[in-house]
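Here is a short conversation between a learner and a teacher about how to read a protein structure. Please look at the sequence and the model first, and then follow the turns below.

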Amino acid sequence: MKRSRINDIMAAADEMIRHYGFVLPPFAYWTPDQFKARTDARRIVDSRMGWDITDYGQGRYDEMGLFLFTLRNGSLADLQRGGGMCYAEKLLISRQDQLSPMHTHVIKAEDIINRGGATLVVELFGSDDKGHFARDRGGRVLCDGIARDYGPGDKLRLAPGESVTLMPGDWHAFWGEGGDVLIGEVSTVNDDVTDNIFVDPIGRFADIEEDVAPTHLLVSDYEKWLA
């Protein structure tokens with residue numbers, strides 16, 4: 001993806017987020033130079049909090065892509081010992097018909113919440129006995145606290161305010177139907193580097209062409225730009 005496109009996506013996302021009554025935290029608006037100058041930002045960097053825009057390495061963002069902003073993220077060490085900051089929170093934007101491809105997580109359980117906009121479609125498949133994608137299996141999820149069985153390939157349609165709870169082994173893909181959707185995600189500790197398992201062999205992060213300077217850094221920029 002071109003950096004200029006990423007900058008434009010950030011600006012449009014910030015406008016949509018504000019439209020639905022949310023405001024990003026102060027560090028969202030730091031320039032790269034301001035980020036570099038901060039001596040107190042190590043927790044943000046280590047937790048990979050911040051901007052995240054991906055085309056899954058496929059170069060077709062409008063068709064397959066996702067905007068994310070990690071607002072807060074806990075510690076895997078806390079999760080492993082069973083106490084402390086064991087949670088994470090994100091805002092996501094799924095554009096109309098923009099696919100977030102089929103995947104699951106090994107560690108993370110998550111609530112996916114339609115925070116505003118159009119309908120969020122979530123397509124579901126279950127796992128086999130080894131946790132692998134099973135085209136012929138369904139499972140059970142919670143929709144706003146109500147248990148709901150799903151068959152292989154069933155599609156949940158979540159209106160604004162509705163949510164689904166997904167556990168490890170619930171394979172899922174999602175997209176906006178009839179328009180763009182602002183999504184909330186509340187989960188256990190988030191690890192986007194190792195805990196996204198895709199059905200197809202695709203990347204989690206975008207390859208970036210630096211045609212202009214970044215407005216703000218992506219979480220995938222931290223290692224290079226803040227070393």
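Q: Is Glu177 buried, partly exposed or exposed, and what is its relative accessible area?

A: This is a predicted model, so every value here is computed from it. Glu177 is partly exposed, because its relative accessible area of 29% falls between the 20% under which a residue counts as buried and the 50% over which a residue counts as exposed.

Q: Which side chain does Glu177 meet in a salt bridge?

A: The general idea is that side chains of opposite charge can pair when their charged atoms come close. In this structure the side chain of Glu177 meets that of Arg157 in a salt bridge, with 3.0 Å from N to O. This pair links distant parts of the chain, since Glu177 lies in strand E11 (residues 171-188) and Arg157 in strand E9 (residues 154-158), 20 residues apart. Arg157 is partly exposed, with a relative accessible area of 46%.

Q: How many salt bridges are there, and which residues are linked in a network?

A: The count comes to 19 salt bridges, and a network of salt bridges links Asp52, Lys90, Asp192 and Arg204. Among the other pairs, Arg60 forms a salt bridge with Glu63, and the closest N and O atoms of this pair are 3.1 Å apart. Arg60 is partly exposed at 36% relative accessible area, and Glu63 is partly exposed at 48%. Another salt bridge joins the side chains of Asp129 and Arg137, at 3.0 Å from N to O; here Asp129 is exposed, with a relative accessible area of 72%, whereas Arg137 is partly exposed, with 32%.

Q: Why is strand E5 said to be largely enclosed by the rest of the structure?

A: To read burial for a whole strand, one looks at its residues together. In strand E5, which covers residues 110-127, 14 of the 18 residues are buried, and therefore the strand is largely enclosed by the rest of the structure.

Q: Which strands pair with E5, and in what sense?

A: To read a pairing, one asks which strands are joined, in what sense they run, and which residues stand opposite each other. E5 and E11 pair in the antiparallel sense over 14 bridges, and within this pairing the bridge partner of Asn114 is Ile183 in E11. E5 also pairs in the antiparallel sense with E9, over five bridges, where Val122 stands opposite Leu156. With strand E10 (residues 163-166) the pairing is again antiparallel, over four bridges, and Ile113 stands opposite Ser163. Strand E6 (residues 133-134) runs antiparallel to E5 and is joined to it by two bridges, with Gly126 opposite Ala134.

Q: How many residues lie between E5 and E6 in their hairpin, and which residue in the turn has a positive phi?

A: Five residues lie between the two strands of this hairpin, and Gly131 in the turn has a positive phi of about 85°.

Q: What does the protein look like as a whole, in its secondary structure and its radius of gyration?

A: The secondary structure comes to five helices and 12 strands. The radius of gyration is 17 Å, close to the 17 Å that the globule rule gives for 227 residues, so the protein is as compact as a globular protein of that length. Of the 227 residues, 51% count as buried, and residues 24 or more positions apart account for 74% of the contacts with a separation of 6 or more.

Conventions:
Residues numbered from 1 in each chain as written. Predicted model: local features only at pLDDT ≥ 70, side-chain atom pairs only at ≥ 80, totals over all residues. Heavy atoms only, no water. Salt bridge = Lys/Arg side-chain N within 4 Å of Asp/Glu carboxyl O. Buried < 20%, exposed > 50% of the residue type's maximum accessible area, 1.4 Å probe, protein only. Pairing = 2+ DSSP bridges. Rg over C-alpha atoms; globule rule 2.2 N^0.38 Å. Contact = heavy atoms within 4.5 Å.
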